Amino acid sequence: MEPEQEKGKRRNTEMIVISYVFIALFLSLAAYLIWFNIARRTGINKNVNNTKQEAVSSNVIRGSILTENGEQLAYSEVDYTGNETRIYPYGSLFAHVVGYASNGRSGLEASENSTLQKSSSSLLKQLKDTAKSEKRRGDNLIVSLNATLQQAAWNALGSYNGAVIVMEPDSGKILAMVSKPDFDPNSIPELWDSMVDEKNGGSALLNRATQGLYPPGSTFKILTTLAYLREHPEDYQNFSYNCTGYLQGDEITIQCYNGEVHGQENLEQAFAYSCNTAFASIGTGLDVSDFRKTAEQFLFNHSLPVDEIPYSQSEFSLNRDSTADEKMTTAFGQGDTLVTPLHMALITSTVANGGIMMKPYLVSAVQSFDGETVSTAKPEIYDQLMTVDESQTLTKYMQDVVTEGTGAGLSYENFSVAGKTGSAEYESNGTTGTHSWFTGFSNVDDPDIVVTVLAEDGGTGSSTAVPIAQQIFEAYYTYVK
Amino acid sequence: MPVSLTNLSTILAQVSKYLIIILMVIYTVQCYTVFRYRTKQSQSYVFTRQNVSMFIIHFVAYLIMFLDQQNIQIAVFYVIQLAYLLLALLLLTHLYPKSSRLLVNNMLMLIAIGLIMITRLTYASAVRQFEMEAVGTVLALIIPVIVRKAMGLTKLTWFYVFVGLGLLALVLVAARSTYGAKLSLSIHGFTFQPSEFVKIIFVFAVAGLLSGKKDRKRIIIATALAAAHVLILVASTDLGSALIFFITYLVMLFAATRNPFLVLSGVVAGILAAVLAYFMFAHVRVRVQVWLDPFSDYAGTGYQVSQSLFSIAAGGWFGTGLGQGSPTAIPVVQQDFMFSAICEELGGIFAICLILVCLSCFIMFINIAMKLENRFYRLVALGLGSTYAVQCFLTVGGDMKMIPMTGVTLPLVSYGGSSALATIVTFSIVQGLYTMRRDEEDKDEEEKYGQYGSYGQYPDDGYGSYGQKKQNSRVDPGPGNQSEFGRK
């Protein structure tokens, strides 16, 4: 019998090979489904095209949006006939970041829709609701925004169109996000037609903090300086330039703002005084592909580590074919470069946080209606984008901006500030103007917050954005810290 | 406030979804653990418990649907199905006591799950599906007899070739176009998809061609004929079936020749053909594009797969509960995307169990193939097993966007009369082969049962300690095994 058994075994070898291949295929199906449910599910549920939530919304009362201090930013009121009305107690204050939930959705109302529609209440509670013919209660969203700071930022921006972002550089937590012009989300159904009307510009719905693309102006000198430091790690301190107020390019003439003449200066001084001609000259000397590499490492032309709110992608277009003039203008933040205030806040946070960019976040936690914590956000590192040495050098330069340069308006405070101003000239539809930028952080030794301000048509950074930032820093140290 | 029936069904759907999942998990685990029991009696006990799980799932699901829709038709339909399932179970296990009980259980389980889901999606389709399955089950009672008696089945190679190629060619010429592919023939208002049945005929043809002498000429002829089948299907733009035929042929070729280089060159040829198809056919490029990023053309070509992903994601691990989701948002859900509908309403855990039940069927097919002595029948069982496995893989993988969508059905679970009928026939042919083999074994008492398989973990039904030395001492058939006892 033995030989025959051997033969039988040999005869089945190919069957066994085949069956293992197919077993592996079947198991790969199961593994893929497990992976899908762990890694892809949330993203697919939040997909903008996903209509599944509409079906759910009919039997769930939408959860509330609250701050960590318990202030309600949005909640649903149900009348005796079962009609649901969404209430925004702060009116237009959180219009863009919290968004609206009628006539479509925007802001957190859109991106966290599936969370607000999902009920993580205990099964027993859900069953009781169902038995009583009551709708189930969606989960509550606890957001990182601070109502006091948001109000201060909103007040400080005043009547300017533009945006303010306040965030913690060491955690990525966003404390305030203001965009103007704004709207009252309570009145969206009535205001809708006039708001989306082309004649009215239709731009009040745009969240300028994350979706507005602006020329960065001199705030971009942070990255130009970084590119220069990387190209001259040993001798950047020997940099010397004699500013005569203008620099002749091939077809254009670069001028320092307001015709100022800065005279003989080193790199630190050129940065502090925001000397355009010095940076234009740096631009002509930089290796274009290295410069581009630095810009792209800081996520120009790339997506940001943000998934809670829609944003625009910043643009940096310098390449090997660019002309000398383009290199010059790009180096001091004009040229074709475009950036969002959120992105500028992230770059500033990276400097403040020793070179590490944190993933920004707005949702601190999710709680079920009966108060159980469903999930809690943890600060996440995006990447180390510059060395500690580089971040310290840039911090020192940015502190000079405040102590002796264009940010001097912030030098008399009882907290230290490091930052960079920007006066971004633009031309659109034949009209020209200057957007006012400031981006910086306070308590330089152990940074507390980053504040990024953009005031459209605000003139120089010093005249408009710096005083706005000053009010926000003061509010933070008076009421929040 | 009074609790209305609709509310009751919502509550029931919430609670019962966990019950359904637990029962399904138990059923699935038993598919794999049943053979650890040594006595036929205790195995039989486990098999019966599997049936109990099935009947409870079936009952609970129909109860939910009845309360939800409050349609007496559903209650009547349930009772008819219950009678069918009981009768089928009773007849299949008692008329053919030597057939694989696990395959019977799995077949009925898959039919039950399919009927539940199709009823939930479109009641009228479920009735048509049920009619076809009833016809199929009658065939299932006859086929094992035919397989055993008609020894001529092994000699009809050229008949199979001509019938198979002829039917496929007929479809290519005369079929009306459904969903971009020529699939079905309509005769006197009765629509059927010949490719579902040609799958079986094809396996018989290839088995006939490859079971004889294995000289080069023979292999070339077989390959040319298989290629003809595949090319006609490609011309009908039925790429899913073409792929099933192609892979099945390679599997059978490997089993017949044990030559890995032949298979390797087949795989290379297949990849070249796929690349060629990509550049030649716009609809292939579209499917690849949709696979890479369904959302880039969400409103157009990507809509179906996007909706499928939304369904799977909406279901998560536990599902929304039967009737609580919206799987009908997926176009052609009950044919091509049944798996996604199951994921949405019955949940990911249930769906994983379903994959494992299908795998259990495939393992049983292979296990039976390994026990068969006759080369022709070995190849038939193997070939049928691989058509089944490839089809499961293509549809489940396509629904999850793991692979590009090919548009084939999940056997027995998806809606499709031809597919259901052909699958039941497939199962019963394999059962027939198995019954025949076990009859032969019984005739030769000296036969050593352990010698046919080294498939240690997965021995066949009814035999005890498998793969051990004392193979000859068979488990004493207990009183619960009288029919087999009587046969001796």
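## Close-ups of a two-chain model

**View 1. A:S274 sits in the loop between helix 11 (267–272) and helix 12 (276–285) of chain A.** Before you zoom in, keep in mind that this is a predicted model. What is the phi of A:S274? The value is positive, about 55°, even though A:S274 is not a glycine. That's worth a second look, because most residues other than glycine have a negative phi. Is A:S274 buried or exposed? A:S274 has 29 other C-beta atoms within 10 Å, and the cut-off for being buried is 20 or more, so A:S274 is buried.

**View 2. A:L299 is another residue of chain A with a positive phi, in the loop between helix 13 (288–297) and helix 14 (324–331).** Here phi is near 80°, and once again the residue is not a glycine. How many C-beta neighbours does A:L299 have inside 10 Å? There are 22, so A:L299 counts as buried. If you're hunting for A:L299 on screen, find helix 13 and helix 14 of chain A and look in the loop that lies between them.

**View 3. Strand 7 (residues 162–167) and strand 8 of chain A make a hairpin.** The two strands run in the antiparallel sense and are paired over six bridges. To pick out one of these pairings, find A:M167: the bridge partner of A:M167 in strand 8 is A:I174. Six residues lie between the strands of this hairpin. In the hairpin, A:G172 takes a positive phi, near 85°. How many residues of strand 8 of chain A are buried? The count is seven of seven, and strand 8 is described as mostly covered.

**View 4. Just past strand 8 (174–180) of chain A, look for a cis peptide bond, the one from A:K180 to A:P181.** Omega of this bond is near 5°. It's one to notice, because most peptide bonds are trans. A:P181 itself belongs to the loop between strand 8 and helix 8 (188–196) of chain A.

**View 5. Six strands of chain A line up in an open sheet.** In what order do the strands come? Reading across, the order is 4-3-2-6-14-15, and the pairing is mixed. Strand 4 (84–87) and strand 15 (373–376) of chain A are the edge strands, with each pairing on one side only. From one strand to the next, the twist averages 25°. Inside this sheet, strand 2 (residues 65–67) and strand 6 (residues 140–143) of chain A pair in the parallel sense over three bridges. Want a pair of residues to click on? Try A:L66 and its bridge partner in strand 6, A:I142.

**View 6. Over in chain B, helix 4 (residues 101–121) packs against helix 5 (residues 123–149).** Their axes are 7 Å apart, and the angle between them is about 155°. Angles over 145 degrees count as roughly antiparallel, so that is the label for helix 4 and helix 5 of chain B. Which residues make the contact? Helix 4 of chain B brings B:I111, B:G114, B:L115, B:I118 and B:T119, while helix 5 of chain B brings B:Y123, B:S125, B:A126, B:Q129, B:F130 and B:E133. Sorted by class, the contact has six nonpolar, four polar and one charged residues.

**View 7. B:R128, also in helix 5 of chain B, has a partner from far along the sequence.** B:R128 and B:G416 are 288 residues apart in sequence, yet their C-alpha atoms are 8.8 Å apart in space. B:R128 has 15 C-beta neighbours inside 10 Å, so B:R128 counts as partly exposed.

**View 8. Helix 10 (residues 260–280) of chain B is hardly covered.** How many of its 21 residues are buried? The count is zero. From first C-alpha to last, helix 10 of chain B reaches 30 Å, close to the 30 Å expected at 1.5 Å a residue.

**View 9. Zoom back out to see both chains, A and B.** Chain A has 17 helices and 19 strands, and chain B has 18 helices and three strands. Of the 481 residues of chain A, 51% count as buried; for the 488 residues of chain B, that share is 52%. Now take contacts between residues at least 6 apart in sequence: in chain A, 66% of them join residues at least 24 apart, and in chain B, 71% do.

Note on methods
Residues are numbered from 1 along each chain as its sequence is written. Chains are lettered from A and ligands numbered from 1 in the order in which they are written. This is a predicted model: local features need pLDDT of at least 70, side-chain atom pairs count only at pLDDT 80 or more; totals for chains, interfaces and linings use all residues. Helices (H or I, at least four residues) and strands (E, at least two) are DSSP runs, numbered from the N terminus. A residue is buried if 20 or more other C-beta atoms lie within 10 Å of its own, exposed if 12 or fewer, and partly exposed in between; C-beta atoms are placed from the backbone. Two residues are in contact if their C-beta atoms, placed from the backbone, lie within 7 Å. Axes are lines fitted to C-alpha atoms, for helices over the stretch in contact, and angles run from 0 to 180 degrees between N-to-C directions. Angles under 35 degrees count as roughly parallel, over 145 as roughly antiparallel, 65 to 115 as roughly perpendicular and the rest as oblique. Ala, Val, Leu, Ile, Met, Phe, Trp, Tyr, Cys and Pro count as nonpolar, Asp, Glu, Lys and Arg as charged, and the others, Gly among them, as polar. Two strands pair if DSSP finds at least two bridges between them. The expected span of a helix is 1.5 Å times one less than its number of residues.
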